[in-house]
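User: I would like to go through this model and ask what stands behind some of the labels.

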Amino acid sequence: MIKITLPDNSVREFAEPVSGLEIAKSISNRLAKDVLSISVDGEVWDLSRKIDHDANIKLHTWDDREGKETFWHSSAHLMAEAIEAYYPGTKFGIGPTVDTGFYYDIDLPEGKVLSEKDLQKIEQKMLELARQKNDIVRSDISKEDALAKFTEKNDELKQELISELEDGTITLYKQGNFTDLCRGPHLPNTSYIKAIKLTAIAGAYWRGDEKNKMLTRVYGVTFPKAKMLEEYLQMLEEAKKRDHRKIGKEMQLFTFSEAVGQGLPLWLPKGAQLREQLENFLKKVQKKYGYEQVMTPHIGDVKLYKTSGHFQKYGQDSFQPISTPAEGEEYLLKPMNCPHHCEIYKAWPRSYKDLPVRMAEFGTVYRY
């Protein structure tokens, strides 16, 4: 018997390998309709993937971050299928989820360009494909076969990604006429996706490196109910009224200059006063809770951020390293304060009696 332990520590037993969807159905039909993915011993799986061993599980719905990520991950594949239908020969880079949906970096065929006016027809194609209720099927593939497959497709972006993977860890996902390199997880089929809005087009260097080719990045968001999309679009309209760039200009708090650069505010006298008041208030609160103010540089040796993991996680979204005249010496505009604070902490020996150590800084961090 396979013992499945639920979050409340109750145990359900199954005579043979069981999928997350089958587990959900054994609990309630309503849950089976709402569930989107499952965590098996802490790893998020497809609902259709069979569990053949004793495991601790958690079922994820739209209300869970893991559920949304699975939903949007599948939506990125659906968008890629729709784009490929209109633009055969498109090469696909990466298509991750973000906080409010997903994007996919694509390399369109020679001479083809996507514009905002093309988004609506891609949305309609996505809805058409979603209604086909195509199963999203996971399959293992060897590294050799994966390279051969994407070499045949003349997709050097996927070939590069595959070359960095270990043999025996590579999986493909297929729905309808589209197959993609992916580790998952995904929805059981495309019919879960009911409402679609492609929100923006941007340029993006392949893997965030300005030395690489510029790709087209398409952003989107999807929902399991049409009403959710309506509410989301309404929220965006309300947010426009409260756009900090609009309010900042109207109240003369800060301004932006093309000569200085995008996203780099120049604080005006009123804004500087407001900012100072906020900082003074926060300093009082921090002092009350035992925080001490520190100050650290705006840059750091790139090795510091490799040690902390920030370079690996935020490298593509950071400004490129700054090289100095010294051979092999590189600095990075700091993406986070905490690595610097760790260095302050270890500047001299500490005792457990010193803990907790609480540091605070009104530091400026930089992401591209």
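User: What makes β12 and β13 a pair, and in which sense do they run?
Analyst: The model is predicted. Strand β12 (residues 171-175) and β13 are joined by four bridges in the antiparallel sense; pairing asks for at least two bridges, so the two strands count as paired. Leu172 stands opposite Leu181 in β13.

User: Why is β13 called an edge strand?
Analyst: The sheet is open, with three strands in the order β11-β12-β13 and antiparallel pairing. Strands β11 (137-140) and β13 (178-181) each pair on one side only, which puts them at the edges. Helix α3 (residues 65-86) lies across β12 and β13, at about 125 degrees to β13.

User: How do you know that Lys153 and Glu84 form a salt bridge?
Analyst: Their closest N and O atoms are 3.3 Å apart. The cut-off is within 4 Å, so the pair qualifies. Lys153 lies in the loop between α5 (143-152) and α6 (156-163) and Glu84 in helix α3, so the salt bridge ties together parts that are 69 residues apart in sequence.

User: Why is Glu84 called buried?
Analyst: Its relative accessibility is 18%, and buried means under 20%, so Glu84 falls in that class. Lys153, at 34%, is partly exposed.

User: What makes Lys241 exposed and Glu238 partly exposed?
Analyst: Lys241 has a relative accessible area of 52%; exposed means over 50%, so the label applies. Glu238 has 31%, which lies between the 20% and 50% limits, so Glu238 is partly exposed. The two side chains meet in a salt bridge at 3.1 Å, N to O. Arg242 also forms a salt bridge with Glu238.

Methods. Residues are numbered from 1 along each chain as its sequence is written. This is a predicted model: local features need pLDDT of at least 70, side-chain atom pairs count only at pLDDT 80 or more; totals for chains, interfaces and linings use all residues. Side-chain values use heavy atoms; hydrogens and water are left out. Contact means heavy atoms within 4.5 Å. Axes are lines fitted to C-alpha atoms, for helices over the stretch in contact, and angles run from 0 to 180 degrees between N-to-C directions. Buried means under 20% relative accessible area, exposed over 50%, partly exposed in between (1.4 Å probe, protein chains only).
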